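Q: Hi! I've got a structure open here and would love to talk it through with you. Could you have a look?
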Amino acid sequence: MQTATSPDAPHGVRQVEIGPERDGQRIDNALMTLLKGVPKSMIYRILRTGQVRVNGKRAKPDTRLAAGDMLRIPPVRVAEKEVTRGPSATMVSAITESIIFEDKHFLAIDKPAGIAAHGGSGVSHGAIELLRAARPNEHIELVHRLDRDTSGVLVFAKTRAGLTGLQAAIREGTVTKQYLCLMVGHPSKAKFSVNAPLLKSVLQGGERMVRVSDNGKPSLTFFQEMEQYPAARLMQATLGTGRTHQIRVHAAHIDHPLAGDPKYGDKEMNKKFKDLGLQRMFLHASHMSFELDGRAYSFSAPLPDDLKEFLDVLAVKGKRIRRLQEHLQEKSRTDLK
């Protein structure tokens, strides 16, 4: 049985019977799904003031729901918003064609670059919204995230057990997540790790920034060289921890930022890479594997055509970029003297 809402007036009190797909879910997260378009601040306000009840009792934000619970949701007024159109058939078709695995618990896609994991921050429809539009009668939840410009493996849960099980495995560090990335310059070693704590902050405009800081959370990334190119190295990055922008910040921290990274990268080198055809940040989620309830899962996504084509061009025309990169390194050493 799916979570069901009573037939009360839409602007009055709602009585919602919790289905098995929300068993164990925090009530604040459930309300964000049930009250689409309602600001988080309002959701926490009605929780804080005791207006939300579970089986007749006041609920706190961290209250866990159970299948069969009766959830009382008070009337919530939301400012009138311009009606937004649903996603185009082309976008829905693109996301369904990107599915690389599916069983009763999980659905995995090879996410194209340019599609966000979820809507928000000026994005009307992310991958999760597109999948729900394609399958309106199915329960689908986003398990983890990828940046909008990062392509590759993105996993969704179709059951509550799959969602909580995989999220627990991610927290416990038992999930293998590997990426392919292009580092500017030539790291001195073909195989190395970066162990540097990361601190996340949000700027006034809402932009997320991450930096290495002694006050940050422990963060570990393992890098291994895959291929050599003029002024760059194709690297495999394996996450030891899963912090926001971890690979990008760790790469910049050792003075070998990712090619095309608009936030932490080298502007002059990015311009040269763009002239050769790189239209986005060179970061691709190539592999993800884990075990759950005795079953091994493994998902892989090959390097997409746009990045492969850029590497082909770089291999032939990259000598000029290499000379620029060497000049910038020499200039940096001179400035430090």
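Q: Let's start with the surface. How much area does the chain expose, and what share of it do carbon and sulfur atoms supply?
A: Happy to help. This is a predicted model, and in it the chain exposes about 18,400 Å². Carbon and sulfur atoms supply 49% of that area.

Q: And what percentage of the residues is buried?
A: Of the 337 residues in the chain, 44% are buried.

Q: What about secondary structure, how many helices and strands are there?
A: The chain has nine helices and 17 strands.

Q: Thanks. Among contacts between residues at least 6 apart in sequence, what share joins residues at least 24 apart?
A: That share is 62%.

Q: Switching to the inside: how many cavities of 30 Å³ or more does the count give?
A: The count comes to one cavity of that size. About 40 Å³ of space lies in the largest cavity.

Q: Which residues line the largest cavity?
A: The lining is made of His144, Val153, Lys177, Gln178, Tyr179, Ala285, His287 and Met288. By class, that gives four nonpolar, three polar and one charged residues.

Q: Which strands supply at least two residues each to that lining?
A: Strand S10 (176–184) and strand S16 (283–292) each do so.

Q: Val153 caught my eye. Where is Val153 placed, and is Val153 buried or exposed?
A: Val153 sits in strand S9, residues 151–157. Its relative accessible area is 2%, so Val153 counts as buried.

Q: What is Val153 in contact with, leaving aside neighbours within four places in sequence?
A: Its contacts include His144, Ala285, His287 and Met288, which are also among the residues lining the largest cavity. Ile100, Ile109, Leu146 and Phe299 are among the other contacts of Val153. Ile100 is 53 residues away from Val153 along the chain, yet their C-alpha atoms are separated by 8.7 Å.

Q: Nice. On to aromatics: how many aromatic pairs does the structure hold?
A: There are ten aromatic pairs. One of them is Phe273 with Phe310, an edge-to-face pair with 5.8 Å centre to centre and 80° between the planes.

Q: Why does the pair of Phe273 and Phe310 tie together parts that are apart in sequence?
A: Phe273 lies in helix H7 (residues 267–275) and Phe310 in helix H8, so their pairing links parts 37 residues apart in sequence. Phe273 is buried at 0% relative accessible area, and Phe310 is buried too, at 2%.

Q: Which residues form an aromatic cluster?
A: Phe101, Phe106, Phe290, Tyr297 and Phe299 form one cluster. Phe299 is also one of the contacts of Val153.

Q: Back to helix H8 for a second. Is Val316 buried or exposed?
A: Val316 is in helix H8, residues 305–317, and is exposed at 64% relative accessibility. The C-alpha atoms of Val316 and Pro230 are 8.7 Å apart, with their positions 86 residues apart along the chain.

Q: How many of the residues in helix H6 are buried?
A: H6 covers residues 246–253, and six of its eight residues are buried. The buried ones are Gln246, Ile247, Arg248, Val249, His250 and Ala251. Asp255, with a positive phi near 65°, follows H6.

Q: A positive phi, hmm. What sign does phi have in most residues other than glycine?
A: Most residues other than glycine have a negative phi. Ala231 is another case with a positive value, its phi being near 65°. Ala231 lies in the loop between strand S14 (220–229) and strand S15 (232–239), and is buried with a relative accessible area of 0%.

Q: What about Asp293, buried or exposed?
A: Asp293 is exposed, at 77% relative accessibility. Its phi is positive as well, about 55°, and Asp293 sits in the loop between S16 and strand S17 (295–300).

Q: Last one: where does Ala67 lie, and what does Ala67 touch?
A: Ala67 is in the loop between strand S4 (57–58) and strand S5 (70–73), and counts as partly exposed at 44% relative accessibility. Not counting residues up to four places away in sequence, Ala67 touches Ile18, Gly19, Pro20 and Asp23. The C-alpha atoms of Ala67 and Glu17, 50 residues apart along the chain, are separated by 7.9 Å.

Notes:
Residues are numbered from 1 along each chain as its sequence is written. This is a predicted model: local features need pLDDT of at least 70, side-chain atom pairs count only at pLDDT 80 or more; totals for chains, interfaces and linings use all residues. Side-chain values use heavy atoms; hydrogens and water are left out. On a 1 Å grid over the protein atoms alone, a cavity is a set of points where a 1.4 Å probe fits but cannot get out, and a pocket is an open set with protein on both sides within 12 Å along at least five of seven lines; lining residues have an atom within 4 Å of a point. Grid points are joined across faces, edges and corners, and a volume is the space filled by probe spheres set on the points. Helices (H or I, at least four residues) and strands (E, at least two) are DSSP runs, numbered from the N terminus. Ala, Val, Leu, Ile, Met, Phe, Trp, Tyr, Cys and Pro count as nonpolar, Asp, Glu, Lys and Arg as charged, and the others, Gly among them, as polar. Buried means under 20% relative accessible area, exposed over 50%, partly exposed in between (1.4 Å probe, protein chains only). Contact means heavy atoms within 4.5 Å. Accessible areas come from the Shrake-Rupley method with a 1.4 Å probe; for residues, only the protein chains shown count as cover. Rings of Phe, Tyr and Trp (its six-membered ring) pair if their centres lie within 6.5 Å; planes under 30 degrees apart count as stacked, over 60 as edge-to-face and the rest as tilted.
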